Every structure is written in structure tokens, then in C-alpha cells.
Amino acid sequence: MFGAASANITPCAYWAHEPSEPPVRINDKGPRNVLIVQNLRDPGTPHRGGELLREKFAKRPRRVSVDGSGHGVYVYGDNASVLNVTTIYLVGSTMPKDTFCRPTNPYGGIPTCGNQRTPR
């Protein structure tokens with residue numbers, strides 16, 4: 001209804017209390033098994049935010065970008081390839097390569113994930 005005027009405005013922006021903990025520092029130190037899974041058109045966390053997070057982690061994470069919309073990718077999404085890639089990581093600790101997953105085909109067929117660059 002309001003388009004861009006209401007984008008990224010959440011109740012937290014008007015919260016009257018101070019945070020109970022300091023912000024977490026994100027850098028290149030720590031575990032090397034970080035997986036970032038994100039839709040291209042996520043209204044709550046823009047894709048560029050995921051790119052910046054990936055940069056902050058340096059060589060630690062891998063990233064799966066999905067040609068999809070909505071805030072949930074894993075469990076809430078319907079892309080079988082993304083579900084498989086993420087489940088294999090969670091169950092077997094096998095890190096995928098940085099990858100881009102095509103959208104679910106509304107006419108049938110399984111979407112695919114490949115090593116293509118994320119479209120801009």
C-alpha cells in the first residue's frame with residue numbers, strides 16, 4: 001500500500017528501551033562453518049545486507065543466494081534445491097560452494113543451484 005515508504009521500518013526502530021547486550025562484532029575471526037542463505041527479494045533483510053555480511057566475515061562463510069522473495073528461505077521456502085543444500089550442510093557439515101539457486105518452476109521440475117554469479 002505504501003511501497004518504499006514503509007520498507008525496512010520495524011517496531012524495533014521505535015523501541016523505548018536500550019539493548020540488553022552490546023552488538024555482536026562481526027569480523028574474520030571465529031568458526032569457518034558459517035552459511036548465509038538469502039532470497040534476492042527479502043523485504044526484511046535486503047540482499048545487499050547479506051553481501052555486506054559476507055564481506056565482514058571475510059573467508060569464513062559460504063553464501064547461497066536464491067532467486068526468490070519473502071523472509072524465509074529454509075523450511076519456509078518451497079525451493080527443493082535450497083532445502084537440499086541447506087539440509088546437507090546442517091546434517092553432515094558439508095559446506096556448499098557459494099552458489100545461486102534458480103526459482104521454483106511453477107510448471108514442474110526441480111529448481112537447480114549452480115555456481116553462477118548472483119544477478120544484480
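1. In what follows, helices (H or I, at least four residues) and strands (E, at least two) are runs assigned by DSSP, and they are numbered from the N terminus. The structure under discussion is a predicted model, and every remark below should be read with that in mind.

2. As a first orientation, the chain contains 2 helices and 4 strands, and the order of these elements, beginning at the N terminus, is β-α-β-α-β-β. Of its 120 residues, 27% count as buried, while the area that the chain exposes comes to about 8,900 Å², with carbon and sulfur atoms supplying 58% of that area. Among contacts with a separation of 6 or more, 64% are made by residues 24 or more positions apart.

3. Strand 1, which spans residues 34-41, has 6 of its 8 residues buried, so this strand is largely enclosed by the rest of the structure. Strand 1 runs parallel to strand 2 (residues 61-69), and the two are joined by 7 bridges. One of the pairings sets Arg41 against Ser69 of strand 2. Between these two strands the chain passes through helix 1 (residues 47-57), and the resulting β-α-β crossover is right-handed.

4. Val34 is a useful residue to look at within strand 1. Val34 has a relative accessible area of 17%, and because the cut-off for a buried residue is under 20%, Val34 counts as buried. Once neighbours within four places in sequence are set aside, Val34 is in contact with Phe57, Arg60, Pro61, Arg62, Tyr89 and Met95. Its C-alpha atom lies 8.5 Å from that of Arg63, a residue 29 positions away in sequence.

5. Which residues of helix 1 are buried? They are His47, Gly50, Glu51, Arg54 and Phe57. Viewed down the axis of helix 1, these buried residues fall within an arc of 125°, so they line one face of the helix. Glu55 and Lys56, by contrast, are exposed on the other side of helix 1. Strand 1 and strand 2 are included in what covers the buried residues of this helix.

6. The backbone just after helix 1 deserves a separate remark, since Ala58 takes a positive phi there, of about 60°. Most residues other than glycine have a negative phi. Ala58 is a residue other than glycine with a positive value, and a reviewer may wish to look at this position in the model. Ala58 belongs to the loop between helix 1 and strand 2, and with a relative accessible area of 32% this residue is partly exposed.

7. Strand 2 also pairs with strand 3 (residues 99-101), to which it runs parallel and is joined by 3 bridges. Val66 of strand 2 stands opposite Asn39, and the bridge partner of Val66 in strand 3 is Cys101. The path from strand 2 to strand 3 goes through helix 2, and this β-α-β crossover is left-handed. The crossover from strand 1 through helix 1 to strand 2, described above, is right-handed, and the reader may want to follow both paths in the structure.

8. The largest nonpolar core holds 8 residues, namely Leu35, Val64, Val66, Val73, Val82, Val85, Tyr89 and Cys101. Two elements, strand 2 and helix 2 (80-92), give two or more residues to this core, and helix 2 gives the most, with 3 residues. In soluble globular proteins, nonpolar side chains tend to be buried together.

9. Where in the chain is the place of Val64, one of the residues of this core? Val64 lies in strand 2, and its relative accessible area of 0% makes Val64 a buried residue. Beyond the residues up to four places away in sequence, Val64 touches Leu35, Ile36, Val37, Gln38, Val85, Pro96, Thr99 and Cys101. The C-alpha atoms of Val64 and Thr99 are separated by 5.0 Å, although the two residues are 35 residues apart along the chain.

Notes. Residues are numbered from 1 along each chain as its sequence is written. This is a predicted model: local features need pLDDT of at least 70, side-chain atom pairs count only at pLDDT 80 or more; totals for chains, interfaces and linings use all residues. Side-chain values use heavy atoms; hydrogens and water are left out. Buried means under 20% relative accessible area, exposed over 50%, partly exposed in between (1.4 Å probe, protein chains only). Two strands pair if DSSP finds at least two bridges between them. A crossover is right-handed if, with the strands pointing away from the viewer, the path from the first strand over the helix to the second runs clockwise. Contact means heavy atoms within 4.5 Å. Accessible areas come from the Shrake-Rupley method with a 1.4 Å probe; for residues, only the protein chains shown count as cover. The arc is that of the directions from the helix axis to the C-beta atoms. A nonpolar core is a set of buried Ala, Val, Leu, Ile, Met, Phe, Trp, Tyr and Cys residues joined through side-chain atoms within 4.5 Å.
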